2 protein chains.
Amino acid sequence: MESIIQPRVLKGFRDFLPASEIARADLIEKITAVYRSFGFVPIDTPVLEYTEILLRKSNGETEKQVFRFEDNGGRDVAMRFDLTVPFARFTAEHKSELYFPFKRYHIAKVWRGEKPQAGRYREFVQCDVDTVGSDSAASDFEILLVIQKAFAAIGVSGITVRVNHRGIFNRFLTKLGVNEKSDDILRTVDKLAKIGRDKTEKELSEITGSKDRAAEILSYTEGAGDFEATLKKIEEMAGGKEADSERMRDIYEMLEAAGIEKNYTLDPSITRGLDYYTGVVYETFLNDLPEIGSVCSGGRYDNLAGLYMKEKLPGVGTSIGLDRLIAAMSELGVVSSRASYVDAEIFCLDAKDALLYQKAAVSLRAQGLAVEVFPDAKKIAQQYALTDAKKIPWGIFVGKTYEKDGTFDLKNLSTRELSAGITVSEAAKLILNKK
Amino acid sequence: MESIIQPRVLKGFRDFLPASEIARADLIEKITAVYRSFGFVPIDTPVLEYTEILLRKSNGETEKQVFRFEDNGGRDVAMRFDLTVPFARFTAEHKSELYFPFKRYHIAKVWRGEKPQAGRYREFVQCDVDTVGSDSAASDFEILLVIQKAFAAIGVSGITVRVNHRGIFNRFLTKLGVNEKSDDILRTVDKLAKIGRDKTEKELSEITGSKDRAAEILSYTEGAGDFEATLKKIEEMAGGKEADSERMRDIYEMLEAAGIEKNYTLDPSITRGLDYYTGVVYETFLNDLPEIGSVCSGGRYDNLAGLYMKEKLPGVGTSIGLDRLIAAMSELGVVSSRASYVDAEIFCLDAKDALLYQKAAVSLRAQGLAVEVFPDAKKIAQQYALTDAKKIPWGIFVGKTYEKDGTFDLKNLSTRELSAGITVSEAAKLILNKK
């Protein structure tokens, strides 16, 4: 007799039981439908790639977090830590097979060996959407509209997307004479909400070598009223009207035309730490739970696949962090609480009638219903316990009459109302009407 | 200037371009809908697990193929090589949170470092479905019915499921006095179609130490006409009627009741190499391409999670090998050839009208259509090239009239028929009618 191995999962990894997995599948299906409705098409890439390809551009922090090893063929390989780097490699490798502007979505797992903490996992799902091959306000706007539609589709309409433009910020930093420090400055400003104003000012003073410059940068990051007023302010601080600030106006005009401008604010403190962004950038917060942080971030970049090919490909995209979003939705109590997809359970009253149950199930499914047959003649209380656990709305009792005239009894399991002696099509009508 | 890294994927791994990924998503959605309609619910488990948990039961062959490494925390971890072992671990770990009979589906990637060859990949998708906690003919039958419905749903109705029963086979081997060699014998018979009759007979002679016994085993593996005739034959060779052969009769009766018995044959040579099967076993072949091998196999086991808990859990399940199936469907020319989900493209004739295009798109999407806006005022030939590549059926030309009275021109891109000056709802009706 072998000993029992204690079943357990790795730290930072999770099992999804049916109710959680149904909720997750539900969100993914709704987000997917929105992505598709805008013309985005799916791709897939391998979970494992050459480490050289995944890590060339990353900073030391990422390197420490990646799951990396030597495979049986002696190759240095790693599990993808985001969907952006594989997308860049994919685009370069297949550019002659793709049509541009190329609009793709990719919803898949990524892995990072982060310190496990509340809401942080080592395996999580990202929902990415990008348009490459177009540098237009239309593409920028479209991604912002996709964000609004995706959140509306999953039942979260109270969102605020904080938008900014890296180009205007960089112009301002150039005017200030600190453009060669811009990466460090933007990364520091990115932490503003987290580390606070004082600490940010101190760090900026160190980076720029001047308290005045630090103060001016902090003043740049502050809004000045509505979208246009703030845009005017930062545009002036950056040296006046240019293509970058006009782009912001075009985008905002489209947001107004779509009637959704109220969900978007211009927040000059939004920079996104990542250095590949060059244009519009944004983060998305839930109005009822802003403290959970951004649940959907992204922006425009002017050179997606520069590590892997010579041509420059501009693009714009965003990524919904599904796990943080689900955590927030659970806290807000707006996660689907379905426990199965079943419309009706056919109870097993007598093992000898198993054949009848199966026949009835086949006929009901042919009417478009999801029907489960309880397989064993267990006590009825145990069968009801299962329909309770799976939150199945209808129960069906099939007996000898089904053989004679095709009728059975249908019970509404929440009201306990019984419809006795009805046919398959009558039952289907009743059930579908109440869906 | 950094040098370019040659973009490439690892041997045995693949990118999926939009058309292939849409085809794959299409199959997964249809299979999922069938699984759900029978009451199966989804779960998910981590891609990485403790090696000790994944590999305890496996043979040396699996061990050589698994992607295994030490993580940054010094843990011995491995990527899952199937969905069955994680399911066993999952069931043991969460048994108090699950309702039984527990019916789950799991459609996900698994990894094996096999020698890459035609149709063999190191990363592939399995579509598993299992019922645990019931040892009934109803559960056995249900999985067989699910197979038929899943293949019908994806447009492959010409299948043959070859069914057998490990219990009857084992009774026969016991009667023959070679039951202690049964694992080796079943594994050898499993290779019959691959290595041929002569080589099988030779191996069986070596295992059983007798040419007569080898000949008798080979004679057992041969059919004897229809389902019942073959069942009678093997039942007699095994020593007469028992629960195992009666179970086969019950299952067949249900297949007849469902009117699908013609797709199922009793083939006593089907054993499934894996040693955890104890009851009914089956493999599924495409009638138009049997040489590709089984695309969906499974069976009944009496102790799913014995490595991880003391209680015995009987179950029955099957797994569709999606990649081999897609390869077969491509060869048969029955794979979906959609290249996008878009109903209509709004062409960009004048960059100044970008706002109008976006407004029209928002209104059309509100009617349930998937609408893409071409973002740049490129040459119209280039825009048509994109709608061709994405196989988009309709084109829309929006101009100043849209601002005045909400009308635009709609073009059927295959017939080139133009509907001039129509409204959003008229266009939606036309497009949805032709879907």
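**Exercise 1. Decide whether B:Glu203 is buried, partly exposed or exposed, and describe its surroundings in this predicted model.**

Solution. Begin with the accessibility: B:Glu203 has a relative accessible area of 23%, and because a residue counts as buried under 20% and as exposed over 50%, B:Glu203 is partly exposed. Next, place the residue in its element, which is helix α9 of chain B, covering residues 197–208. Then look for partners beyond the neighbours within four places in sequence: B:Glu203 is in contact with B:Thr188, B:Lys191 and B:Ile195. With one of these, B:Lys191, the side chain of B:Glu203 makes a polar contact of 3.4 Å. Finally, compare sequence and space for B:Ala214, which is 11 residues from B:Glu203 in sequence, while their C-alpha atoms are 8.3 Å apart.

**Exercise 2. Work out which residues of helix α9 of chain A are buried, and how they are arranged around the helix.**

Solution. First take the dimensions of the helix: α9 of chain A has 12 residues, and from its first C-alpha to its last it reaches 16 Å, close to the 16 Å expected at 1.5 Å a residue. Second, list its buried residues, which are A:Thr200, A:Leu204, A:Ser205, A:Ile207 and A:Thr208. Seen down the axis of the helix, these buried residues fall within an arc of 165°, so they line one face of α9(A). Third, turn to the face directed away from the buried side, where the exposed residues A:Asp198, A:Lys202 and A:Glu206 are carried. A general point helps here: an α-helix has 3.6 residues a turn, so residues three or four places apart point the same way. Fourth, ask what lies over the buried residues of α9(A): the cover includes α7 (182–190), α8 (192–195) and α10 (211–220) of chain A. Last, the helix is followed by A:Gly209, whose phi is positive, near 70°.

**Exercise 3. Explain why helix α4 of chain A is described as largely enclosed.**

Solution. Count first: of the 10 residues in α4 of chain A (residues 84–93), eight are buried, so the helix is largely enclosed by the rest of the structure. The buried residues are A:Val85, A:Pro86, A:Phe87, A:Ala88, A:Arg89, A:Phe90, A:Thr91 and A:Ala92. Then find the cover, which includes β2 (48–50), α2 (51–55), β5 (102–111), β6 (123–132) and β10 (296–301) of chain A.

**Exercise 4. Find the polar partners of the side chains of A:Glu283 and A:Thr160.**

Solution. A:Glu283 lies in strand β9 (residues 277–286) of chain A, where it is buried with a relative accessible area of 10%. Its side chain makes a polar contact of 3.1 Å with the side chain of A:Arg272. Among the residues in contact with A:Glu283 is A:Thr160, which has its place in strand β7 (residues 159–165) of chain A. The side chain of A:Thr160, in turn, makes a polar contact of 2.7 Å with the side chain of A:Asn287.

**Exercise 5. Show which parts of chain B are linked by the salt bridges of B:Arg300 with B:Asp135 and B:Asp140.**

Solution. Start with B:Asp135, whose closest approach to B:Arg300, between N and O atoms, is 3.6 Å. This pair links the loop between β6 (123–132) and α5 (137–153) to strand β10 (residues 296–301), the two residues being 165 residues apart. Continue with B:Asp140, for which the closest N and O atoms are 2.7 Å from each other in the salt bridge with B:Arg300. Because B:Asp140 lies in helix α5 and B:Arg300 in strand β10, this pair ties together parts that are 160 residues apart in sequence. To finish, compare accessibilities: B:Asp135 is partly exposed at 46%, whereas B:Arg300 is buried at 5% and B:Asp140 is buried at 1%.

**Exercise 6. Describe the interface of chain B and chain A by its residues, its area and its polar links.**

Solution. The contact takes 106 residues from chain B and 106 residues from chain A. Between them the chains bury about 8,800 Å², 62% of it on carbon and sulfur atoms. On the side of chain B, the residues that lose the most area to chain A are B:Ile5, B:Leu10 and B:Arg36, together 8% of what that side buries. Turning to the polar links, 12 salt bridges are found across this interface, and 34 residue pairs are in polar contact. One salt bridge joins A:Glu52 and B:Arg8, with their closest N and O atoms 3.6 Å apart.

Note on methods. Residues numbered from 1 in each chain as written. Chains lettered and ligands numbered in written order. Predicted model: local features only at pLDDT ≥ 70, side-chain atom pairs only at ≥ 80, totals over all residues. Heavy atoms only, no water. Helix = DSSP H or I, 4+ residues; strand = E, 2+ residues; numbered from the N terminus. Buried < 20%, exposed > 50% of the residue type's maximum accessible area, 1.4 Å probe, protein only. Contact = heavy atoms within 4.5 Å. Polar contact = N/O pair within 3.5 Å; in protein donor to acceptor, adjacent residues only side chain to side chain. Expected span 1.5 Å × (residues − 1). Arc of directions from axis to C-beta. Buried area = accessible area lost by both parts, 1.4 Å probe. Salt bridge = Lys/Arg side-chain N within 4 Å of Asp/Glu carboxyl O.
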